[in-house]
Each structure stands twice: as C-alpha cells, then as structure tokens.
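Dear colleague,

Please find the structure below, passed on for your consideration. My notes on the ligand and on the aromatic pairs follow it.

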Amino acid sequence: MNVTLRQLRVFEAVGRLKSYTRAAEELYLSQPGVSMQIKQLESNLGVALFEQLGKKIFLTEAGHELYQASRIVDRQLDETEQILEDLKGVRRGRLMIAVASTANYFAPRLLAVFSARHEAVTVNLDVTNREGLISHLEANDSDMVIMGLPPQKLELEAEAFMDNPLVVIAPPDHALVGKKAITIQRLQEETFIMREPGSGTRIAMERFFAEKSAQLTTAMEMSSNEAIKQAVQAGLGLGIVSLHTLELELEMQRLVVLDVESFPILRHWYIVQRKGKRLSPVARAFKDFVLKESGKILQYPVLRT
Ligand code: PGA
C-alpha cells in the first residue's frame with residue numbers, strides 16, 4: 001500500500017472532524033495543503049475516500065475501512081511513543097548483567113533494592129568466573145559486569161566501588177586457630193584447596209604467593225566458593241576466599257579467618273563495561289546506583305581472628 005504516515009495522519013483528522021478546515025487547524029496546516037494530501041492519498045490508493053454532499057463531507061466505504069486502520073496505527077504509535085518515553089525515563093527495560101561467582105554473595109542484595117525501585121525493569125543475571133566475564137565483555141552481550149580484576153587486553157571502563165579482601169580460612173579446630181601473625185613460611189606446611197583456573201580469586205592468590213616466593217601445596221581444585229568452604233569445614237585443608245563469601249560461616253562459627261602476616265590480600269570490586277559502550281537508561285541508572293549506594297546497602301562480615 002502506497003501510503004505515508006503523514007497522509008494517514010491527515011486523513012485520520014479529516015475523517016474524525018469531517019472537515020478539511022478543522023483538520024487543517026488541528027494539524028497547523030493550510031486548508032489547501034490538507035485537501036492536496038487527501039487527493040494524493042486517493043490517487044495513490046485508486047479509490048475515493050470522501051464524498052461531498054452539499055457542504056458536508058462523508059467517508060466512502062473505502063474511507064471507512066482506511067479510517068479504522070488509521071485509528072489502530074495511531075493508537076499503536078501512541079503506545080510505542082509511551083514505551084520509548086518509559087525507556088528514557090528508566091521506568092522499564094532490561095538490565096543484562098554478569099557477575100563473578102564470588103560477587104554473587106552480594107550482587108542479589110543490590111539487585112533487590114534496585115528492582116524494588118524500578119519494578120518494571122527485568123533483570124538478567126549471569127553468574128560465572130572471571131574467564132566467563134571476560135567472554136561476556138568480548139562478546140559485548142552484557143550491559144556491564146562486576147568483577148575483581150578488569151583484564152588489560154580489552155579497552156574497558158572500570159570503576160572500583162568496594163574492597164574485596166581475600167582471607168585464609170580454617171576449620172575451628174585447626175592448630176593455627178588463635179595464633180597471631182602466622183608467617184607465610186608456616187602456611188607452606190599446610191595443604192590448600194584452590195579455586196579452578198579462570199577464577200579471579202585463584203589468580204590473585206597465585207600472584208600473591210609468587211611475589212613472596214612461596215610455594216603452596218594444593219590438595220584439590222574446586223570450582224566454587226561453596227565447595228571450598230565445605231571442604232575446609234570437613235578438614236580437607238585450608239582455603240583462601242573473599243571475605244564476602246563468609247558471612248554465614250563466620251556468624252555460625254563454622255569457619256575461622258586465620259591471622260596471617262600480609263593478609264588480607266587487598267583487592268577491589270569493579271563495575272566494568274566496554275569503553276564507549278552506550279548504556280541504556282536502565283543500565284546507567286544501575287551503574288550510578290552501585291557506585292553511590294552499594295556502600296550503604298552492603299555490610300561487611302565481622303572478622304573474628
Ligand atoms: P572469581 O571472582 O574468583 O569468582 O572469578 C572474581 C574475582 O575475584 O576476580
């Protein structure tokens with residue numbers, strides 16, 4: 001159908017008001033301008049849309065049909081306009097976010113507060129390790145990610161918003177519990193449960209011990225913080241995890257943070273996006289929220305060494 005949106009708008013107004021003059025006033029057009037648009041439309045469609053009887057104009061049968069269609073199109077456009085306005089105003093939209101498995105101990109709390117404020121926003125959360133997050137950044141399929149150490153190889157915008165201390169954990173009945181300033185050398189006599197390759201926690205831990213020229217003995221490798229905590233509780237070895245994963249175990253006194261020299265390993269949590277990425281209003285709002293309010297919302301577990 002050879003019809004422009006502009007012609008349809010003019011036609012709808014004439015059909016509704018049954019007057020070229022009033023339609024012209026409403027649309028801020030001249031009366032000849034309006035009748036020219038209608039003539040053009042009639043010639044494009046090959047049918048008469050109006051008939052004039054005396055001074056009055058009426059819709060023809062074809063005119064009636066087009067009038068119904070023009071009302072539907074008008075309504076759809078209005079609705080779409082509303083949705084676009086909502087999108088600009090953060091009232092609805094989708095937030096695509098990926099977080100490190102370790103960050104998932106606090107990310108849901110942030111999302112809960114954010115979602116309560118923006119009820120029509122749908123959140124899509126992927127939880128993965130550091131390597132998985134780098135894949136998301138490479139594929140540019142997330143609005144942003146929360147990670148422990150932004151990779152150098154990509155052009156990124158990364159802003160730190162919270163500390164991420166890594167600590168040594170032991171079961172409550174371990175010989176080192178209660179000892180002060182345990183040396184790195186003494187740690188080398190212990191066996192450790194490690195995170196999997198690709199984990200940010202593991203990279204940080206390996207770097208730390210390499211700098212101290214220390215060699216740790218590893219008993220097992222596990223791909224989640226939960227598994228490591230369970231293994232340490234079961235007496236399989238010591239572990240190194242982010243303090244953020246320990247809230248419950250410290251409160252229940254199922255695990256103890258050891259007092260080791262040079263610990264905690266001080267790291268940070270970053271909110272990261274591809275450089276130059278155009279954030280949607282929802283994503284921008286979430287980023288601002290994390291940078292400004294995460295400190296108030298998230299509380300650190302109490303260290304009991
Ligand atoms: P991860 O956490 O160990 O779960 O990958 C990310 C990080 O600490 O960098």
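The ligand in this predicted model is surrounded by 14 residues, and the closest of them are Ser 101, Thr 102, Gly 200, Thr 201 and Arg 267. Sorted by class, this shell comprises 8 polar, 3 nonpolar and 3 charged residues.

Oxygen atoms of the ligand make polar contacts with both side-chain and backbone atoms of the protein. At Thr 102, an N or O atom of the side chain lies 2.8 Å from a ligand oxygen. At Gly 200, the partner is a polar backbone atom, with a distance of 2.8 Å to an oxygen atom of the ligand. A polar backbone atom of Arg 130 is likewise found 3.1 Å from a ligand oxygen. As for the enclosure of the ligand, its exposed area when taken alone is 280 Å², and the protein buries 100% of that. The site that holds the ligand is the largest cavity.

Turning to the aromatic residues, the count comes to 10 aromatic pairs. One of them is formed by Phe 11 and Phe 50, whose ring centres are 5.5 Å apart. Their planes meet at 50 degrees, which is neither under 30 nor over 60 degrees, and the pair is therefore tilted. This pair links distant parts of the chain, as its two members are 39 residues apart. Phe 11 belongs to helix H1 (residues 5-17), whereas Phe 50 belongs to strand S1 (residues 50-53).

With kind regards

Technical notes
Residues numbered from 1 in each chain as written. Predicted model: local features only at pLDDT ≥ 70, side-chain atom pairs only at ≥ 80, totals over all residues. Heavy atoms only, no water. Near = heavy atom within 4 Å. Polar contact = N/O pair within 3.5 Å; in protein donor to acceptor, adjacent residues only side chain to side chain. Areas by Shrake-Rupley, 256 points an atom, 1.4 Å probe, with all protein chains shown as cover. 1 Å grid on protein atoms, 1.4 Å probe; cavity = no way out; pocket = protein on both sides within 12 Å on 5 of 7 lines; lining within 4 Å. Sits in = over half its atoms within 2 Å of the grid points. Nonpolar A, V, L, I, M, F, W, Y, C, P; charged D, E, K, R; others polar. Phe/Tyr/Trp six-rings, centres within 6.5 Å; stacked < 30°, edge-to-face > 60°. Helix = DSSP H or I, 4+ residues; strand = E, 2+ residues; numbered from the N terminus.
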